[in-house]
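Good morning, and thank you for coming. Please look at the sequence and the structure as they appear on the screen, and I will then take you through them.

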Amino acid sequence: MTETAVPQQAEPSAPRPRAAPAGWLGRALDSDVFYSFRRSRLTMIAGAVTLLFFLVAILAPLLAVQDPFDPAQLQLMNSRIAPLWTADGQSPFLLGTDEQGRDVLSAILYGLRISLAVGVLGVVFAGALGILLGLIAGYFGGAVDSLIMRIADVQLTFPAILIALLVNGVVKSVFGNRLDAASTLAVLVFAIGLSFWVQYARTVRGSVMVEKNRDYVAAAQLIGLPAPVIMLRHVLPNTMGPILVIATINLALAIITEATLSFLGAGMPDTMPSLGTLIRVGNNYLFSGEWWIVAFPGFSLAALILSINLLGDWLRDALNPKLR
Amino acid sequence: MLAFTVRRAIQAVGVMIAVGIIAFSMFRFAGDPVNQMVAIDTSAADRAALRHSLGLDDPIPVQFAHYFVNAAQFKFGVSYQFRQPVASLLAERMPATLELAICATVLSMVFGILMGVYSALRRDSLLAKIFQAVSLIGISLPTFLIGILLIYLFAVTLGWLPSFGRGDVVRIGWWTTGLLTVSGLKALIMPSVTLGLFQMTLIMRLVRAEMLEVLRTDYIRFARARGLTTRAIHFGHALKNTLVPVITVAGLQFGSVIAFAIITETVFQWPGMGLLFLQAVQNVDIPIMAAYLLMVSLIFVTINFIVDILYTVVDPRLRATISRPA
């Protein structure tokens, strides 16, 4: 509900080129959504910041001065160096180093990769699960529908973080504490996916209940298409707008959840830290005055989530025809 | 109305049974309880004896019934790490969590409603825009970051408030309270602000949206036509009608406040149930995890049930839809 994100209907005189350029890129650039994107400066900044975060995460091996996951590259000689612009700063450690001589900037870049990977994969998993269950519930109705929706109702009363913690704890107790970093990442994606599917399922189910009474579905049924094809090829594309909004807002929530789990010590291990792990480790040095170890990862996390939330807010308003 | 209440009650019991099944399967199937309890050099015969004495060789439905009857009497078994009954561990720490959660909820209600009303009435003022920005930041900053920020500011830099613990507590019966000592109150400030901030932004946004909606309705216009003072219209008529959904949301959110207390309690080392639960997750102490799940669900389900019933009492329109045959 940010004021800035709402497309203004002022200045109707501003002429818009109506000659639609060919191709999907041209269509995208000419669309109402892109128009409202360009109208809001805050959204453009948020979009640029989000893009920047994704870019530096992907390019982390090229940008970082060391690989913080590789213990051989860390030297204890370099531990606890203050940021470069302070009196005690040392090149090349722009944002200083932590207890183990790990360059804070490199750790952030690599941690960003983990945070974004868990966030994106978690959203994809939650989305796939929720869309599938929502389609089934909405399309078939009856007992299947009420079973799925009852489960959704029960789960919705519990906060995602609690479910994620429980799933995490149970998986750990089944496999013992001998999980390596990569499987911990998979467990996190699984836990986050399981805690966020409900919203997708409810939204898709609602749209499907409306869409399935339309003529095009009846036509598809008449020519004998099987139910899965009708659901995926014909009904699903018509429910994608709200899904996109939920996915954007959920990306921020998934990243927060991952960071929180890692901060609580139930997420990524110290050897392969995400932003949350970095904050947990850095938090121990807050009292001894080494503020940079926790401040920069914390600031990165906050900036990332704020930008994604701003994008989500804008997208919700832009795709809502009532606000046009 | 009675039929509705009974139906809701049956639903609530159904949810509790479902959660009970989850808690039981966690307890029973996630790792072997016997292996967790015995030392490495315990003989196979002793293990079998322990298995038998715990009833772990009974058929699964019998075990479940057994677990359920025990849980209904708040007997959740023995913690693997503390070797104490889980129920007494939880009871010992519950006052800390409840005090924190109630303070956070009260704080978030008071400030959330005030800020929401202000930003609805003076929509374009600078302060309202600042409130909006604060609410966006409140939603975007993870709870633990806010906690760390507060600790750095008020404990490390300024040294005004303690950074961890509950301060001195007074024991009243089995309840321990930090509300009666100066150090207890000082220790409570930062954790409850941290915990309440997210709820506050939620309530502020809700009050603002509801107020804007109500102010557009006909009865407000009619109240203006009757020549009532702006003050009476805004607070006597408009605010009163926005409070129903606000109280509902605040009630329903109380459960999540208790769950989110896990994070706040970890940041501030607050000796409550959340900290206990987190230690249990880290040490794979399944009895505590299962018991915590049951306790929190019980609180959730009870609040949900009460809110549902109260809603129909408060709002006559809902009563009409309920009594109509479906």
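**Helix 10 and the contact between the chains**

Helix 10 of chain B is followed by B:Gln269, whose phi is positive, near 50 degrees. Helices here are DSSP runs of H or I with at least four residues, strands are runs of E with at least two, and both are numbered from the N terminus.

I should say at once that this is a predicted model, in which local features need pLDDT of at least 70, side-chain atom pairs count only at pLDDT 80 or more, and totals for chains, interfaces and linings use all residues. Residues are numbered from 1 along each chain as its sequence is written, while chains are lettered from A and ligands numbered from 1 in the order in which they are written.

How far apart are the end C-alpha atoms of helix 10 of chain B? This helix, residues 230–267, has 38 residues, yet those atoms are only 45 Å apart, short of the 56 Å of a straight helix at 1.5 Å a residue; the expected span is 1.5 Å times one less than the number of residues. Helix 10 of chain B also has a kink of about 40 degrees, centred on B:Leu239. The bend is the angle between axes fitted to the seven residues ending at a residue and the seven starting there.

Turning to chain A, we find 13 helices and zero strands.

Finally, 34 residues of chain B are in contact with 36 residues of chain A, contact being C-beta atoms, placed from the backbone, within 7 Å. Helix 10 is one of the helices of chain B that each supply at least two residues of the side touching chain A.

Conventions
Contact = placed C-beta atoms within 7 Å.
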